[in-house]
Amino acid sequence: MPTRTRVLLSSLALLLACGAAPRPENRPASAATKSAPVADAPVILALGDSLTAGLGLAQSQAWPALLQARLDAAGRKYRVVNAGVSGDTTAAGLARLDWQLSQKPAVVILELGANDGLRGLPVADARDNLARIISRCQAAKVKVLLAGMQVPPNMGPEYSAAFRDIFPALAAEYDVPLIPFLLAGVAGDPQRNQADGIHPTAEGHVVVAETVWEHLQPLLTP
């Protein structure tokens, strides 16, 4: 793992332990991005934590809103819904899944797990929660794009490797496409992360949006 990435991931663990990414109160679990094109357009649901919610930025700067702009520019008639909640674990995402699926999304971009890893929660539990989310999405005939995540090396090499391996293993088991690492090109770059060393800047979200767009395109209908 590159040195800059190790440094950032170590900072993630420390700042999370200090409560850097609390779950916000009095905030709806999800909200459509302001650039939503048509109310009845097929929904792309971004189910995640603070990395999806865009903590520290205007929602228009978060990657789901940028993804909406990318879709609009490409003439793709979809409505991106930002269902990111800061501090969410895989268990919290699973707990609100039924409500999110009531929006009848065509695609779910599943970005959860970072908080499980940074809190040192059992890898088996995180894997089971993600598996249940994927399985329930597939039972509802919803396509899933799984976003991979990593944890800092100070969690221990065995834990870090086991956590990292959750995502490709689930992708293979459930035959879903995988973004190998959501923060590729962002983690470890101080210009693309806010002062807390955790959350991407507006520039970082641009990179994340392009990463998601690259992997999302094959799931879109013509």
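## The buried arginine R96

The backbone oxygen of A83 lies 3.0 Å from a polar atom in the side chain of R96. A further backbone oxygen, that of G48, is reached by the R96 side chain at 3.1 Å. These distances, like all values in this report, belong to a predicted model.

R96 is situated in the loop that joins helix 4 (90-95) to helix 5 (97-101). Its relative accessibility is 8%, and a residue is called buried when this value is under 20%, so R96 counts as buried.

## The chain as a whole

The protein chain contains nine helices and six strands. Of its 222 residues, 52% are buried. The chain exposes about 9,600 Å², and carbon and sulfur atoms supply 56% of that area. Among contacts with a separation of 6 or more, 80% are between residues 24 or more positions apart.

Confidence in the prediction is expressed as pLDDT, and its mean for the protein chain is 87. A value of 70 or more is reached by 83% of the residues. Over residues 13-36, however, the pLDDT is below 50. In the model, this stretch nevertheless has 63 contacts beyond near neighbours in sequence.

## Helix 8 and its kink

Helix 8 comprises the 18 residues 157-174. How far apart should its ends be? At 1.5 Å a residue the helix should span 26 Å, and because its end C-alpha atoms are 26 Å apart, the expected and modelled values agree. Helix 8 also has a kink of about 30° at I166, shortly before the proline P168. After the helix comes D175, whose phi is positive, near 55°.

Which residues of helix 8 are buried? They are Y159, S160, F163, I166, F167, L170 and A171. I166 therefore appears both in this list and at the site of the kink. The buried residues pack against two helices, helix 6 (114-118) and helix 7 (123-139), and against two strands, strand 5 (143-147) and strand 6 (178-179).

The proline P168 lies in helix 8. With a relative accessible area of 40%, P168 is partly exposed, because this value falls between the limits of 20% and 50%. P168 and L146 are 22 residues apart in sequence, while their C-alpha atoms are 8.9 Å apart in space.

## Helix 9 and its surroundings

Helix 9 runs over the 15 residues 202-216. The same reasoning about length applies here: at 1.5 Å a residue the helix should span 21 Å, and its end C-alpha atoms are 21 Å apart, which agrees.

The buried residues of helix 9 are G204, H205, V207, V208, A209, T211, V212, W213 and L216. Several elements cover them, including helix 2 (50-53) and helix 3 (63-73). The cover also includes strand 2 (43-48), strand 4 (107-111), strand 5 and strand 6. Strand 5 and strand 6 are likewise among the elements against which the buried residues of helix 8 pack.

## The loop before helix 9

D189 is placed in the loop between strand 6 and helix 9. Is D189 buried or exposed? Its relative accessibility is 15%, which is under the 20% limit, so D189 counts as buried. The side chain of D189 reaches the backbone nitrogen of Q191 at 3.0 Å.

Conventions: Residues are numbered from 1 along each chain as its sequence is written. Side-chain values use heavy atoms; hydrogens and water are left out. Helices (H or I, at least four residues) and strands (E, at least two) are DSSP runs, numbered from the N terminus. The expected span of a helix is 1.5 Å times one less than its number of residues. The bend at a residue is the angle between axes fitted to the seven residues ending there and the seven starting there. Buried means under 20% relative accessible area, exposed over 50%, partly exposed in between (1.4 Å probe, protein chains only). Contact means heavy atoms within 4.5 Å. Accessible areas come from the Shrake-Rupley method with a 1.4 Å probe; for residues, only the protein chains shown count as cover. A polar contact is a pair of N or O atoms within 3.5 Å; within protein, one must be able to donate a hydrogen and the other to accept it, and residues adjacent in sequence count only if both atoms are side-chain atoms. pLDDT is the predictor's confidence in each residue, from 0 to 100.
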